[in-house]
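Biologist: Please take a close look at one part of this chain. Then walk me outward to other parts.

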Amino acid sequence: MSQQGYVATPPYSQSQPGIGLSPPHYGHYGDPSHAGSPPGMMKPAGPLGAAAPGGMLPQGPSPPGPQQFGQNGAHAQGHPPQRFPGPPPVNSAAPSYAPYSPSTQSSYPSPASTASVTQMASQLNAMHINSYGSGMAPPGQGPPGPPSAPLFQGLPRPPQPSIMQPGSQVLPPPPTALNGPGASPLPPSTHRQDGLPGPAPLNAQYQPPPLPGQTLGTGYSPQQGSYGPQMAGGQLSYPGGFPGGPAQLAGPPQLQKKLDPDSIPSPIQVIENDRATRGGQVYATNSRGQVPPLVTTDCVIQDQGNASPRYIRCTTYCFPCTSDMAKQAQIPLAAVIKPFATIPSNETPLYLVNHGENGPVRCNRCKAYMCPFMQFIEGGRRYQCGFCNCVNDVPPFYFQHLDHIGRRLDHYEKPELSLGSYEYVATLDYCRKNKPPNPPAFIFMIDVSYSNIKNGLVKLICEELKTVLEKLPKEEQEETSAIRVGFITYNKVLHFFNVKSNLAQPQMMVVTDVGEVFVPLLDGFLVNYQESQSVIHNLLDQIPEMFADSNENETVFAPVIQAGMEALKAADCPGKLFIFHSSLPTAEAPGKLKNRDDKKLINTDKEKILFQPQTNVYDSLAKDCVAHGCCVTLFLFPSQYVDVASLGLVPQLTGGTLYKYNNFQMHMDSQQFLNDLRNDIEKKIGFDAIMRIRTSTGFRATDFFGGIFMNNTTDVEMAAIDCDKAVTVEFKHDDKLAEDSGALIQCAVLYTTIGGQRRLRIHNLSLNCSSQLADLYKSCETDALINFFAKSAFKAVLHQPLKVIREILVNQTAHMLACYRKNCASPSAASQLILPDSMKVLPVYMNCLLKNCVLLSRPEISTDERAYQRQLVMTMGVADSQLFFYPQLLPIHTLDVKSTALPTAIRCSESRLSEEGIFLLANGLNMFLWLGVSSPPELIQGIFNVPSFAHINTDMTTLPEVGNPYSQTLRMIISIIQQKRPYSMKLTIVKQREQPEMVFRQFLVEDKGLYGGSSYVDFLCCVHKEICQLLN
């Protein structure tokens, strides 16, 4: 049985040494021949796991154990359960939507515990897990649980001191029946840290479970709703539901106690604490290995020798000295690099260094660029490279004397000596064919098939282009944009337009041979917008009429990209294609696709096929595009399956963006689309780029994730890279690192500006190195870790079964935390979960990743949507992935209309909502305004300008402009949230207890998923159990 190493090393099941604990047992990855239980575990009694006592036999299959993460009903596939067999869920058969009862206060009540009281026996030292169904303990293992009558009183166990760690988070012991209806109760504690009760330690052998002592919170108590599956219920079932209908438990369901969600680490608390200590301050980058403020904290960043965290964030700012230490901790060593990140107006833009024909000063051996890590010696005549230690002569033009501390006299006058980030003007050696590049071009390519004409989309695009072409990006000092523009329309054939400025009317040329696309005209296809404005406007007015009577519904797609690329190639310039497309390309042509959307593949080992392109045409097309600096951005308007996995491949590999508007309706969706188009055209972008990551000796970049293409192992090629795109880079040791010299990273991006200048953008970062594991854990950044895990998992989706990927993520989470517990925490009872301070919220974020529709299919999410989300995440920076996996939920009814500050967010759980409340939820792609049934009438009137809740029209996608403080403040908040995000979020109005609420609920990520996926509380218990397992 192989043991798991780093998550990110494809293939995912590669064997690596464990972490120096007893060898971990990872569940057998779906191999029936290994189905026996591992030593030291309960053997399952029969196919259903531990027999339910008291003759309570489950009807229907039992849930898979946590180690089966996501094998959709493992038994249905003929695999006996691996790891912890458990009883079936209680009462999940009632298809009731876990509903609401009027709550007495409008604060965010803690949830009422409503599963059944279960008592479990635990022998944590040997990790024998016995799962019993309902309130009965096996004979000889402590007292049976009390009946369910005296529900909310009971004798609390006398408090005992709990063991506390400075800088650690201590959590109570896990409940033992993870798959049972819920978790066991917790005794109160005398000490608290971070609002967490410390439990009484279990003694090594066995201690009877504590007695119930619980008060009911003021959350919603369940009452029968009329639709949707039940959400309550504590069983941890990772797959989407069960095959063959929900399981039922004969016998009365009984109430049970759960971990109090307020006692486990809160992401909101962590975010708010960081804002309180570091918000609004100046963060100077002058010291090595310092951990920056969180991405959610606003501060002013001052470059004093290391790149701003806006450009580079790391999973840890202290690397382990040896590869053995790295293997032991299993914390991925990675950087998330956003080379063109937008810098706020109160921070200094990058300086441009121009050495004329000499070009940048570089190390002779490793070719690193001059930076603050170079050490000048011999009176300034030579310098030692910080990356490879090679001693180089200083070129005569660059010579300068040193001061009394060995620093050059011009240290502060040269950006490359004193700053972490700066740019160089590149010489001709850095240009293709050693000649200066031409400015880039934008080509607009519109699908004019029947449906696009009929629904008004073509007219909308043509009208909008007149506006956005006025705003083409230009160099700061220039009057007009240097970007040239061209236009193509297409259905089964391609139409090129000549819009030369001296023409009275635009001319159309048709290319019918889509198998061998050629560009029918050179002169007059790509033009300066200012010069040809009248001809272009003429064309944009004519296009909708020109195709008004067309009945052609078939389209091509690959030939469209080919045509755009050939046009750029002929003009010898880089550029970007804006393609507006809406259907599966079924016409006879290269890249023709068929509908292969097969729901039967879901939850099988073949599910990965759904994420792979159908044909290799798109892969080789992407390669050609990158070679010619042709970036593709695709606006998709699908009304049915369009195979995003195939169509989205070229945009992804060329550094473009994919936008998708399902079932586009003019009156509802045009604003979102137009915002995206305007943003995309105006954003900061570099073309024809190559990125190189250099490191100091002892480690190197091994793996890259993002909108990139790689012909070899070192050059990251991008047809374009814009301000929203990030590349995540993983590092591995190839030798020891020294504590005194640290670990140095230099990212160099060679690119062409929108004005046609070749430049080098350099970002430098120095990290600490340590031989103490505690230092490594102290310097971690959870948001960057989740970005890395998401990208490595989403890359693996193409090759590995999803169940295996989920298992590995859970194992690695447990491994990282177990290593901390074993090596860095002071000794304490095995039953305590101790989390490093920097990873307090790793479990909740990891659970959000595991529940994402890419890794866990859900019946209502289409294959295209899953492929779309997978692609978006692959190029996300840390701030975007943080919001995407853990949405922002703001209480709007508590708004202070006199303040411009956003209200403090609340945790993403249904228990935090209240009927009297109005809440805004945003995750970067979607935005919801949830209205409680008892929302204050004055707020309803103020925001919607209607008399009451019943009059609100939920079809609106933008709020009306009502001239009062509530309306103005809410619209301002929405625009602030929207401002910083790459995608325009469509607003959906959701009324409590109405059908659309089902969609909204999927974003309450701390709760149990409607179709599988555990709650935060349950996942924490699962991880705790895994950790105990590893430690034993």
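Modeller: Start with a word we need: buried means under 20% relative accessible area, exposed means over 50%, and partly exposed lies in between (1.4 Å probe, protein chains only). This is a predicted model, where local features need pLDDT of at least 70, side-chain atom pairs count only at pLDDT 80 or more, and totals for chains, interfaces and linings use all residues. Residues are numbered from 1 along each chain as its sequence is written, and side-chain values use heavy atoms, without hydrogens and water.

Our part is helix H17, residues 878–885. Helices (H or I, at least four residues) and strands (E, at least two) are DSSP runs, numbered from the N terminus. In H17, 7 of the 8 residues are buried, so the helix is largely enclosed by the rest of the structure. Look for them one by one. Val878 is buried, and so are Asp880 and Ser881. Gln882 and Leu883 belong to the buried set too. Phe884 and Phe885 complete it.

Now step along the chain. Strand E35 covers 888–891, strand E36 covers 918–922, and Ser909 sits in the loop between them. This loop residue is buried, because its relative accessible area is 7%. What does Ser909 touch, not counting residues up to four places away in sequence? The answer is Leu1004, Glu1006 and Asp1007. A contact here means heavy atoms within 4.5 Å.

Next, go to helix H11, residues 666–682. Asp680 is one of its residues. Asp680 counts as buried because its relative accessibility is 1%. Leave aside its neighbours within four places in sequence, and Asp680 is in contact with Lys576, Phe578, Thr633, Phe635, Thr657 and Tyr659. Gly656 is 24 residues from Asp680 in sequence, and their C-alpha atoms are 9.8 Å apart in space.

H11 also has a helix partner. Helix H5 (residues 457–468) packs with H11 at an angle of about 35 degrees, and the axes are 11 Å apart. Axes are lines fitted to C-alpha atoms, for helices over the stretch in contact, with angles from 0 to 180 degrees between N-to-C directions. Each helix brings its own residues to the meeting. H5 offers Leu457, Leu460, Ile461, Glu464, Leu465 and Val468. H11 offers Met666, Ser670, Phe673, Leu674, Leu677, Arg678 and Ile681.

Two loop residues deserve a stop for their backbone. Most residues other than glycine have a negative phi. Lys367 has a positive phi of about 70 degrees although it is not a glycine. Find Lys367 in the loop between strand E15 (352–353) and strand E16 (375–377). Lys367 is partly exposed, because its relative accessible area is 38%. Asn434 also has a positive phi, near 55 degrees, and is a residue other than glycine. Its loop runs between strand E19 (421–425) and strand E20 (441–447). At a relative accessible area of 48%, Asn434 is partly exposed.

Finally, step back to the whole chain. There are 21 helices and 38 strands. The chain has 1032 residues, and 61% of them count as buried. Take contacts between residues at least 6 apart in sequence: 76% of these join residues at least 24 apart. The accessible surface is about 37300 Å² (Shrake-Rupley method, 1.4 Å probe; for residues, only the protein chains shown count as cover). Carbon and sulfur atoms hold 52% of that surface. Now return to H17, with 7 of its 8 residues buried.
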